[in-house]
Amino acid sequence: MEFSKSNPVVYEQKGGEESPFQRTSSNEGDIEEVGNLHRSLNNRQVQWIAIGGSIGTALFVSIAWGLTAGGPGSLFLAFFFYSCVIGSINSGIAEMTVFMPVSGSFLRYAGVWVDEAFGFMAGWNFFLYEAILIPFEISALCLVLQFWRDDIPVWAVCLGCIVLYGLINAFAVGWYGEAEFWLSSGKVILILILFSFTFITMVGGNPQHDAYGFRYWKTPGSFAESVTTGSLGKFQGFLGSLWVAAWTVCGPEYIAMISAEAVYPRVTIKQAFKTVYWRFGFFFILGALCVGILVPYNDETLLNVLDTQGTATGAASPYIIAMQNLGVGGLPHLVNALLVTSIFSAGNTYCYMATRSLYSLSLQGQAPKFLRRTSKSGIPWLCFGITMVFPFLSFLQVSANSAQAIKWLINLVTASQVLNYVIMGTTYIFFFRALKAQGIDRRTLPYRGWCQPYVNIFGLIFVSIIVVVQGYSVFLPGNWDVGTFFTYYTMIFVCILLFGFWKIFKKTKFVRPEEADLVWEKPAIDAYEASIDPPLGLWEDIWVSTLEVLRIRKKRSVHYV
């Protein structure tokens, strides 16, 4: 059996049935519709969301914990290794998503191709994780603003973020795509500035004319000891850096979740997934290298900030500390300003992801059916309304005592991010088995991951190990702490309960490979892609959009079929 784009399965519209797709040029991406969500994200928006969605404040600030835990050598190796692990998972999720770009993506694959209970667990795990991160990012934004002055009203910042998130996400997905295009551009600019700063200063281009190079890799050294001393201490230092990498390196899940609202997904989403590998290398691995070059792992200022303020403020950024150490003025303010846009962008993305994950749960009958309602512009407005309750938790930041509640919430969902990759890797194994059982040649798929299923198994093994042992230190003699234990393991227990509840309540069974639905929404997707023109290339799309902004070229009118 083969699936071929040249001979697609075409959706046959029955009499009186509403067409599942509307047509406009895919170059514009205004109202492409499949089902109730609109395919409105054009190529440049998809590619920039793919770039910016994987870049959070952890790359600029929280990475400091990894440096102090393991030193520059461990930090670099940890980010390199974990990028390879998630790159392996990316290969599998890319193959599934490009093949079946449906709303909810891997959350619904888990229910359709593995087990309904597995999908129930995957959907609620992802929703809770994304929704709780929204108030956390707003709180982080309040603290980063204190880099300039500490009398900014916290309630005003919280309210402003909520209003802006509402305006960006409530009316049309194109608004979200456009906002993320420009916010992601700011992230890329920030990274380029920081990498340039690293190179120029390390070769002597700084006020002290000190060509320090890789000095800090020699003194105090490349590998720091953690928990204990000697070789074991250095290995545990590496593990400390690895846990930070597991919190920092991400991206495939965000590409997958926008696939149902991207124009011509088997081109735009495929291209986005293929760029993941060089993004991991350029942003995360090179970023870890730069941090290890700029600041020694025993820097007094860095250790003091981490002990007193944590990584909630821009002052904990190794880049800002390096600028202050070298006497570079002005640049820390620019970096902090771009950090503000980066944090705002992260919260905006979490609003979108939480809304779409709740909508996908409703489609699968695992959340109330009334949540399936969408606006004329394709926004699941009831799901959005529920999601927007969570940002109001940021007002707890107004009270110093209540602010601790936000920290507890984010600690409780810490493991959810790695669990997402366990879910993706497990789902791909079932998908691969189904293809083989049903005689479908993987060479006919629109995207085929390399060396599968072995690459996926490699990634699945290590993310499973990480999610289980990342809290190992709490079990060491004298280290037991209830709060730390729940930080690492709460969501593992929650996911087990979610899976068990739906398994017992619905009496579900694991899907047999020969019975897995590999047709599903493919006819409608094939028909949609056959009805439109291929999308513009990335740089052509950016150029055309720039001309439209400048009103040099009028936007073509929308038409339907």
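## A walk through the predicted model

Glu-261 is buried, with just 1% relative accessible area. That makes a handy starting point for a tour of this structure, which is a predicted model. Glu-261 sits in the loop that runs between helix H9 (252–257) and helix H10 (265–274). Setting aside residues up to four places away in sequence, Glu-261 touches Leu-37, His-38, Arg-39, Ser-40 and Leu-41, along with Val-173, Tyr-352, Arg-356 and Gly-378. The buried label follows from the cut-off: a residue counts as buried under 20% relative accessible area, and Glu-261 comes in at 1%.

Step back for a moment to the whole chain. It has 21 helices and 2 strands. Of its 561 residues, 60% are buried. Take the contacts between residues at least 6 apart in sequence, and 80% of them join residues at least 24 apart.

Now for a helix with two sides. In helix H12 (residues 300–308), the buried residues include Leu-302, Val-305 and Leu-306. These three cover an arc of only 95° around the axis, so they end up on the same side of H12. What do the buried residues of H12 pack against? Their partners are helix H2 (63–99) and helix H13 (318–326). Over on the other side of H12, Glu-300, Asp-307 and Thr-308 are exposed.

Next, a helix pair. Two packed helices are described by the angle between their axes and the distance between the axes. For helix H17 (residues 416–437) and helix H18 (residues 454–469), the axes come within 9 Å and cross at roughly 145°. The crossing of H17 and H18 is left-handed. On the H17 side, the residues that meet H18 are Val-418, Leu-419, Tyr-421, Val-422, Gly-425, Thr-426, Tyr-428 and Ile-429. From H18, they are met by Asn-456, Ile-457, Leu-460, Val-463, Ser-464, Ile-466 and Val-467. Sorted by class, the contact between H17 and H18 has 11 nonpolar and 4 polar residues, and no charged ones.

The stretch linking these two helices has a detail of its own. Pro-453 lies in the loop between H17 and H18, and the peptide bond leading into it from Gln-452 is cis, with omega near 5°. There's another cis bond from Thr-219 to Pro-220, with omega near 15°. Pro-220 belongs to the loop between helix H7 (215–218) and helix H8 (230–248).

While you're looking at backbone torsions, check two phi values. Ser-105 has phi near 45°, which is positive in a residue other than glycine. Its place is the loop between H2 and helix H3 (106–114). His-209 also has a positive phi, near 50°, and is likewise a residue other than glycine. His-209 is found in the loop between helix H6 (173–202) and H7. Are these two buried or exposed? Ser-105 counts as buried, at 0% relative accessibility, whereas His-209 is exposed, with a relative accessible area of 67%.

Past H18, the chain enters the loop between H18 and helix H19 (482–506), where you'll find Ser-473. At 22% relative accessibility, Ser-473 counts as partly exposed, because that class sits between the buried limit of 20% and the exposed limit of 50%. Ser-473 and Val-227 are 246 residues apart along the chain, but their C-alpha atoms are separated by 8.1 Å.

Tyr-488, in helix H19, gives another link across the sequence. Measuring aside, the computed C-alpha to C-alpha separation from Val-413 is 8.2 Å, for a gap of 75 residues in sequence. Leaving out neighbours within four places in sequence, Tyr-488 is in contact with Ala-415, Gln-470 and Gly-471.

Finally, the cysteines. A disulfide is a covalent bond between the sulfur atoms of two cysteines. How many disulfides does the model have? With a cut-off of 2.5 Å between cysteine sulfur atoms, the count comes to 0. As for surroundings, Cys-250 is buried, with a relative accessible area of 8%, while Cys-451 counts as exposed at 56%.

Terms used: Residues are numbered from 1 along each chain as its sequence is written. This is a predicted model: local features need pLDDT of at least 70, side-chain atom pairs count only at pLDDT 80 or more; totals for chains, interfaces and linings use all residues. Side-chain values use heavy atoms; hydrogens and water are left out. Axes are lines fitted to C-alpha atoms, for helices over the stretch in contact, and angles run from 0 to 180 degrees between N-to-C directions. Helices (H or I, at least four residues) and strands (E, at least two) are DSSP runs, numbered from the N terminus. A crossing is left-handed if the near helix is turned anticlockwise from the far one by less than a right angle, and right-handed if clockwise. Contact means heavy atoms within 4.5 Å. Ala, Val, Leu, Ile, Met, Phe, Trp, Tyr, Cys and Pro count as nonpolar, Asp, Glu, Lys and Arg as charged, and the others, Gly among them, as polar. Buried means under 20% relative accessible area, exposed over 50%, partly exposed in between (1.4 Å probe, protein chains only). The arc is that of the directions from the helix axis to the C-beta atoms.
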